[in-house]
Amino acid sequence: MQATPQVGTSVAAAQAVARETKVIGFWGSAWRQFRRNRLAVVSACFIVLIAIAAVIVPPLLPQTYAHQDLSVTLQGPSWRHPMGTDDLGRDVLTRMIFGARISLTVGVVVQLVILAIGVPMGLAAGYLGGKVDMLIMRLVDVLYAMPNLLFVILIMTFLRGQLGDEPSGALKVLSDLDSKTGGLVGVYIGLGLVSWLTVARIVRASTLSLKEKEYIEAARGLGAPGSQIIRKHLLPNTIAPIVVATTLGIPGAILYEAGISFLGLGVIPPMPSWGLMISDALPEMRSHPHLLIFPALVLSLTVLAFNFIGDGLRDALDPWMKR
Amino acid sequence: MNRGAYIIRRVLLLIPTLLAIYTLTFLLIHATPGGPWSQGEKPVPPLVLERLNAAYGLDDPLWKQYVNYLGNALQGDFGPSFAQRSRTVTDIIGQTFPVSLKLGLVAMVIALVIGITLGTIGALKHNGFLDYVTSFVAIIGISTPSYVVVSLLVLVLSSQFGWLPTGGWDGVVSTKIIIPALALSLYPSAVLARYTRSSMLDVLNADYIRTARAKGLTQRMVVIRHAIRNALIPVLTVSGVILADVITGSFFVESVYSVPGLGRYFVSSISERDYPVILGTVLLFGFVISVMNLIVDLLYPLLDPRIATR
């Protein structure tokens, strides 16, 4: 964590020490620690590869995800089609790459929604305390008792209805985004709305404990306004657990989207999603297992990689949880 | 606050929680465009639509529908299903929920056995080969969705070798439960293994364990007599939440393996705008989850006297 300000002679002493040894700081030492975790580094490389495939490759592909070639339906892997083709003669690799776009976008965007709701809620509850705290924590308790998947599907259905017919204003923006992402805006918002609880709790807990620290009191004594205390002192010291929670939240969001698309409620065909590809593969899985294996394998590996990265980050960022 | 008052307060808190869940769900489904009767291939004639709405009270003002349904629900009547008009929601839930419940309980038992065993092995062989193996198995369990596991199990055990049936349900004592229960138990096993491992490691470093070792107990006796009891406290508390999760969350397994549980119903009820079924299911699941949370919170201080009740 950040060093608390020192006083008088000890400052001079600390500066002397700092001149002799190279100061690496909190993030520097975390990075060192992270690099030592081989599994986490390999996972990070894997995710970078997937991200490159998702962001850069699609325009370079000879065909798009919806391109059908009925002369080559249900082929196994070959040079022309490294992962084979599906029942409509679409190239599975191409669809996997577009599916990576969907999955990574869901992972990241849902976390942004979670941060946008969870951090202010946690800060408000922890910093303001009293009635606000009670109200927010009650809300958290109620949402904890909501069956998540059901709630996400309900919110999604609701939003899809709202975006359906000729929306205007802000809804128009969402609606455009929705058609570009294959109808997943409902999933982003729904998942965000049910998953911000953990982040809010983390932020609240650390705000509660930090707020009593001497250096915060000192800042307040010097006349710093609440907004500055939050921005300069509370948030920077809360960021490590937030980073860990956010990273570990990504695989959950990816699995949720895959699951919802698997049920046929997520992405709108012909846009591919790994979950939808898995469910499409099921009826044919005995005769054409490659249709199931590739999306299932890549989905699991991606989730696995994010979990390893999250674990690595936790070990690197949280000196007290090291094991 | 004394313990009795605390318990009563917590039980009473269930009421506003469920009421909030009901209100949220009610508002959401009624704000969603489309009604229960417009889902068929042919559009329903306006006159029929009017009569249907009148017969099911859907032409009442919203607040009246809200109060009516709530009043009936409190008396145990969750209304008729809109999609299958001859059945009531209570019927449907009564028939399908026990299936999900049994499947969930069997999966939970499997998960407890596998999870605690793997976690204990991992902790005892800390940083050894077996630790890595069990940790790896656990993280694979966390990363693989249950519908993939069911499909793979069916592919290998049913199609390839023909040992087990490819789908269906015949009650708990049947070969048909093996695949869905295993698939459903994988994720909770993995979570329980991770919890057991880390809490066992904490306990094994405690002073009283050193004392037990110092008085000459074998590793086996130390673990069985002293370590496992304390190590299982956090595991047991997380089990409550996991159990609620397993019971209410078997949609995927149920739909792939054709198990006639409640999960399959719910998904179709949303697209059919079957309001009573949606409300009934959400309330039931909300109730199960809240009660599990409550049990965990009340058990915790009993299991671990070091933690005082607030």
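What follows is a short chat about a predicted model with chains A and B.

Me: Ground rules before we start: what kind of model is this?
Reply: A predicted one: local features need pLDDT of at least 70, side-chain atom pairs count only at pLDDT 80 or more, and totals for chains, interfaces and linings use all residues. Residues are numbered from 1 along each chain as its sequence is written, while chains are lettered from A and ligands numbered from 1 in the order in which they are written.

Me: How many helices and strands in chain A?
Reply: 13 helices and 0 strands. Helices (H or I, at least four residues) and strands (E, at least two) are DSSP runs, numbered from the N terminus.

Me: And chain B, how many of each?
Reply: Chain B has 12 helices and 0 strands. Its C-alpha trace spans about 85 × 60 × 30 Å along its principal axes.

Me: What share of each chain is buried?
Reply: In chain A, 42% of the 323 residues. In chain B, 38% of the 310 residues. Buried means 20 or more other C-beta atoms within 10 Å of the residue's own; exposed means 12 or fewer, partly exposed is in between, and C-beta atoms are placed from the backbone.

Me: Switching to the interface. How many residues does each chain give to the contact?
Reply: Chain B gives 38 residues and chain A gives 33 residues. Contact here means C-beta atoms, placed from the backbone, within 7 Å.

Me: Which elements on the chain B side?
Reply: Those giving two or more residues include helix H1 (3–31), helix H7 (178–204) and helix H12 (275–303) of chain B.

Me: How do the residues on that side divide by type?
Reply: On the side of chain B that touches chain A, 23 are nonpolar, 15 polar and none charged. Ala, Val, Leu, Ile, Met, Phe, Trp, Tyr, Cys and Pro count as nonpolar, Asp, Glu, Lys and Arg as charged, and the others, Gly among them, as polar.

Me: What does A:Ile278 touch?
Reply: Not counting residues up to four places away in sequence, A:Ile278 touches A:Phe262, A:Leu292, A:Pro295, A:Ala296, B:Tyr147 and B:Val148.

Me: New topic, H9 of chain A. How far does the helix reach?
Reply: Helix H9 (residues 197–210) has 14 residues and reaches 20 Å from first C-alpha to last, close to the 20 Å expected at 1.5 Å a residue. The expected span is 1.5 Å times one less than the number of residues.

Me: What do the buried residues of H9(A) pack against?
Reply: Helix H4 (92–128), helix H5 (130–145), helix H8 (185–195) and helix H11 (226–262) of chain A. Among those buried residues are A:Leu197, A:Ala200 and A:Arg204.

Key
Two residues are in contact if their C-beta atoms, placed from the backbone, lie within 7 Å.
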